[in-house]
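Student: Please take one part of this structure and look at it closely. Work outward from there, in one connected answer.

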Amino acid sequence: MQEYPKHYCGVFGVYGQPNAAELTYYGLYALQHRGQESAGIVTCDKGKFHKHHGMGLVPQIFTAQTLHRDLIGSIAVGHTRYSTTGSSQLINAQPLTVDCKRGQIAVAHNGNLTNAAQLRDELESRGLVFQTTVDSEIILMMLAQPVLGGVTNNLVQTVRRIEGAFSLVIMTEKELIGVRDPHGFRPLSIGRTAEGWVLSSETCAFDVVGARFVRDVEPGEIVVIDECGLTSIQAFPDHQRRAFCIFEYVYFARPDSTIAGRNVYQARVEMGRQLAREHPVEADLVVPVPDSGNCAALGYSLESGIPFEMAFVRNHYVGRSFIQPSQLARESDVKMKLNLIRELVEDKRVIVVDDSIVRGTTSRVRVQNLKQAGARSVHVMVSCPPHMHPCVYGIDFPDRNKLMAVTHTLDEIRQYLHADSVHYLSHDGLVRAIGRPREAFCMACYDGRYPVPYDRTLNKAIMERRRQDTRTLGELLDQERRQASLL
Ligand code: AMP
């Protein structure tokens, strides 16, 4: 049974800049951490769309010639994508485009729709044909539907029908549009350049393209940017529960980004300080697992007064280990990625800090490294609570039965990691470190309270039903012939 691919991504858009593609390229480069599987840019030049996408990293996909000669125009949208295995095909690379009665439209989407299967079923039964397996195509198809009232109106209707997590950057022949779901699961910010506007998943990309941060797109807001400037539409008059993904602050976003007025680096340092307050341990050294544990380890060291050392040295040329398909491949990658400076840890009581334990592979190898290098004791500190539930809004966590904290007690985790102790940051401590009320966040991966209901069985049922009619055209003709001969 194949489900819709989960994908978290980076989106970027430019309006009113002659070199829109180049700016988008640098924007996507700054958002590379949000997706390393494929990337694409679509530009609009005097009403004509130009598209280029490919598999791999941003600098591998676009050449200077592609950017300057092929992708001409002053409006652009870009996307960088990360997905689970099985869906890593070029056909699923975004931005997705359509040429319909209302003109050309391009969509770049970050997040996961929770009612994708139902909507797709509905659209297919009306005769629409899909080219990809990504839920984002549903948005494109809905936008392309001919209804009365123009693009914006159709957009409002689409935004009200789709459910789950979506930060969208949309391009029409004349506009750049930004949309955020009413819960605000994923980030999206607005910036200004010398001549125009930019939209970006994270503010770190503004610095790279020389844009000035204006504000975040509000949850439920649609911003339409055209030659008249920026128009804001609130698509959801009734207030909806806010549910910003707290894991963006813990791990996913870049530390040099600011989300909802809170800088990610500072939030992570505070998580480390909070961890030190909740779990004081006697030790000689605080060591981060680079890069994910850097800020929290610094915070732990500052709060506890225990010296901080970068004892693990990172090989920057090894990709992410998290999505390697086999456990062996994952373990080898984890080993190659970091090397330990033995002289720093030998005979020392070490606190090792990472942002999260998911399957436990990373932490286990790090404890082993430290012990083999002669550390006297190793205490594992995690700057978020235990992961207990899968994410249905776009973060790639494995099934519940592969989450270490689900299948093991705290002491079993300690034994598995061969650590002397293991400590997690509390739910309240995490929220306090970010400095916003708990109701502002989605913490479903920790507490199982899913802000938008997600009926897995229903989704599966619809997907299975769709696959029932798999007869070839030849078989169908044959059947018709046989039926005709019976008449
Ligand atoms: P694991 O080895 O499975 O326990 O994974 C934990 C490591 O993966 C931590 O160092 C995290 O920084 C990182 N990580 C956690 N969640 C994710 C995710 N959804 N995608 C990629 N990396 C992640």
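Tutor: Start with Pro95, which sits in the loop joining strand 4 (75-83) to strand 5. The model is predicted. The peptide bond from Gln94 to Pro95 is cis, and its omega is near 0 degrees.

Now follow the chain into the sheet. Strand 5 covers residues 96-100. It belongs to an open sheet of six strands. Their order is 5-6-7-8-12-13, and the pairing is antiparallel. Which strands stand at the edges? Strand 5 and strand 13 (229-234) do. Each has a single partner strand, so one side of each is left without a neighbour in the sheet. On average, neighbouring strands of this sheet are turned by 20 degrees against each other, with direction ignored.

Cross to the other edge. Strand 12 spans residues 221-226 and runs antiparallel to strand 13. How many bridges join strand 12 to strand 13? Six do. Asp226 provides one register point: it stands opposite Gly229 in strand 13.

Pro95 has a counterpart to inspect. Another cis peptide bond runs from Pro290 to Asp291, with omega near -10 degrees. Here Asp291 is the residue that follows the proline. Asp291 lies in the loop between strand 17 (285-288) and helix 10 (294-304).

Next, the ligand. Ser292 places a polar side-chain atom 3.4 Å from a ligand oxygen. Asp355 also uses its side chain: a polar atom lies 2.5 Å from an oxygen atom of the ligand. Arg359 makes its approach through the backbone, where an N or O atom lies 2.8 Å from a ligand oxygen. How much of the ligand does the protein bury? Taken alone, the ligand exposes 500 Å², and 95% of that is buried by the protein.

The shell has 18 residues. Those that come nearest are Tyr8, Asp354, Asp355, Val358 and Thr362. By class, the shell has nine nonpolar residues, five polar and four charged. Helix 8 (246-252) and helix 13 (361-372) each supply at least two shell residues.

Loops again, now for backbone torsions. Lys46 has a phi near 50 degrees, a positive value in a residue other than glycine. Its loop links strand 2 (38-45) to strand 3 (48-55). Is Lys46 buried or exposed? Its relative accessibility is 80%, so Lys46 counts as exposed. The cut-off for exposed is over 50%.

Asp347 is another case. Its phi is positive, about 65 degrees, although Asp347 is not a glycine. Asp347 lies in the loop between helix 12 (342-345) and strand 20 (349-354). At 52% relative accessibility, Asp347 counts as exposed because the cut-off is over 50%.

Finish inside a helix. Thr158 is found in helix 6, residues 150-161. Where does its side chain reach? The Thr158 side chain reaches the backbone oxygen of Asn154 at 2.8 Å. Thr158 has a relative accessible area of 3%, so it is buried. Buried here requires a value under 20%.

How values were computed. Residues numbered from 1 in each chain as written. Predicted model: local features only at pLDDT ≥ 70, side-chain atom pairs only at ≥ 80, totals over all residues. Heavy atoms only, no water. Near = heavy atom within 4 Å. Polar contact = N/O pair within 3.5 Å; in protein donor to acceptor, adjacent residues only side chain to side chain. Areas by Shrake-Rupley, 256 points an atom, 1.4 Å probe, with all protein chains shown as cover. Helix = DSSP H or I, 4+ residues; strand = E, 2+ residues; numbered from the N terminus. Nonpolar A, V, L, I, M, F, W, Y, C, P; charged D, E, K, R; others polar. Pairing = 2+ DSSP bridges. Axes fitted to C-alpha atoms, helices over the stretch in contact; angles between N-to-C directions. Buried < 20%, exposed > 50% of the residue type's maximum accessible area, 1.4 Å probe, protein only.
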